[in-house]
Amino acid sequence: MNGLKGRRELKHAITKADCYLLRNNLQNFMKLDPHGHDGKYLIRSVYFDNFDNKILRQKTEGFYHRDKFRARLYDYDSDFINLEKKSKRDNLTYKQKCRLSAEEYERIRLGDIEWMSGDSRDNFEIYIFK
């Protein structure tokens with residue numbers, strides 16, 4: 001995927017008690033995220049799909065090659081919005097992201113995406129919505 005490094009994502013359900021134990025054990029090896037308050041921050045995500053729910057269908061039907069797009073906002077700070085593309089290729093996950101202004105996000109939200117196909121953006125390849 002154009003030189004991107006893929007990673008494997010394995011998800012496991014754990015109990016609340018196991019979560020507390022794991023968190024307590026990991027604090028001996030890991031540092032709190034410096035971007036948060038006491039290591040925490042609010043993340044709000046908006047996922048994009050088409051009217052046929054193509055992305056949702058690909059996920060539920062178990063497609064091994066799929067992409068999803070989301071906009072992420074951290075701690076209500078509209079000066080820091082990321083547009084992210086998460087791709088699955090077989091068992092590997094790839095991520096790309098670029099910054100968006102609040103105005104650009106609003107244009108995307110309203111369905112105005114023609115401006116994204118121009119090469120005026122540094123991270124232009126993320127804007128290819130196929």
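**Exercise 1. State what share of the chain is buried, and describe its overall build.**

Solution. Buried residues account for 25% of the 130 residues in the chain, where buried means under 20% relative accessible area, exposed over 50%, and partly exposed in between, with a 1.4 Å probe and protein chains only. The structure is a predicted model, in which local features need pLDDT of at least 70, side-chain atom pairs count only at pLDDT 80 or more, and totals for chains, interfaces and linings use all residues. Residues are numbered from 1 along each chain as its sequence is written, and side-chain values use heavy atoms, with hydrogens and water left out.

Next, the secondary structure: the chain has 3 helices and 4 strands, in the sequence order α-β-α-β-β-β-α. Helices (H or I, at least four residues) and strands (E, at least two) are DSSP runs numbered from the N terminus.

Then the dimensions: along the principal axes, the C-alpha atoms fill a box of roughly 50 × 35 × 30 Å. Finally, the contacts, meaning heavy atoms within 4.5 Å: of those between residues at least 6 apart in sequence, 46% join residues at least 24 apart.

**Exercise 2. Characterise the surface and the charges, and locate the positive patch.**

Solution. The accessible surface of the chain is about 10,400 Å², and carbon and sulfur atoms contribute 52% of that area. Areas come from the Shrake-Rupley method with a 1.4 Å probe; for residues, only the protein chains shown count as cover.

The charge count gives 27 positive and 21 negative side chains, with the centres of the two sets 7 Å apart. Lys and Arg count as positive and Asp and Glu as negative, while His and the chain ends are not counted. Each charge is placed at NZ of Lys, CZ of Arg, CG of Asp or CD of Glu.

A surface patch of positive charge consists of Lys-11, Lys-59, Lys-95 and Lys-97. Patch residues have over 30% relative accessible area and no salt bridge, and like charges are joined within 9 Å; a salt bridge is a side-chain nitrogen of Lys or Arg within 4 Å of a carboxyl oxygen of Asp or Glu. Lys-11 sits in the segment before helix H1 (16-26) and is exposed, because its relative accessibility is 66%.

**Exercise 3. Examine the backbone at Asp-75 and Asp-90.**

Solution. Asp-75 belongs to the loop between strand E2 (65-74) and strand E3 (77-89). Phi of Asp-75 is positive, near 50°, in a residue other than glycine. With a relative accessible area of 30%, Asp-75 is partly exposed.

Asp-90 lies in the loop between E3 and strand E4 (92-100). Although not a glycine, Asp-90 has a positive phi of about 60°. Its relative accessibility is 49%, so Asp-90 counts as partly exposed.

Methods. Patches are made of residues with over 30% relative accessible area and no salt bridge: like charges are joined within 9 Å, nonpolar side chains (Val, Leu, Ile, Met, Phe, Trp, Tyr) within 5 Å.
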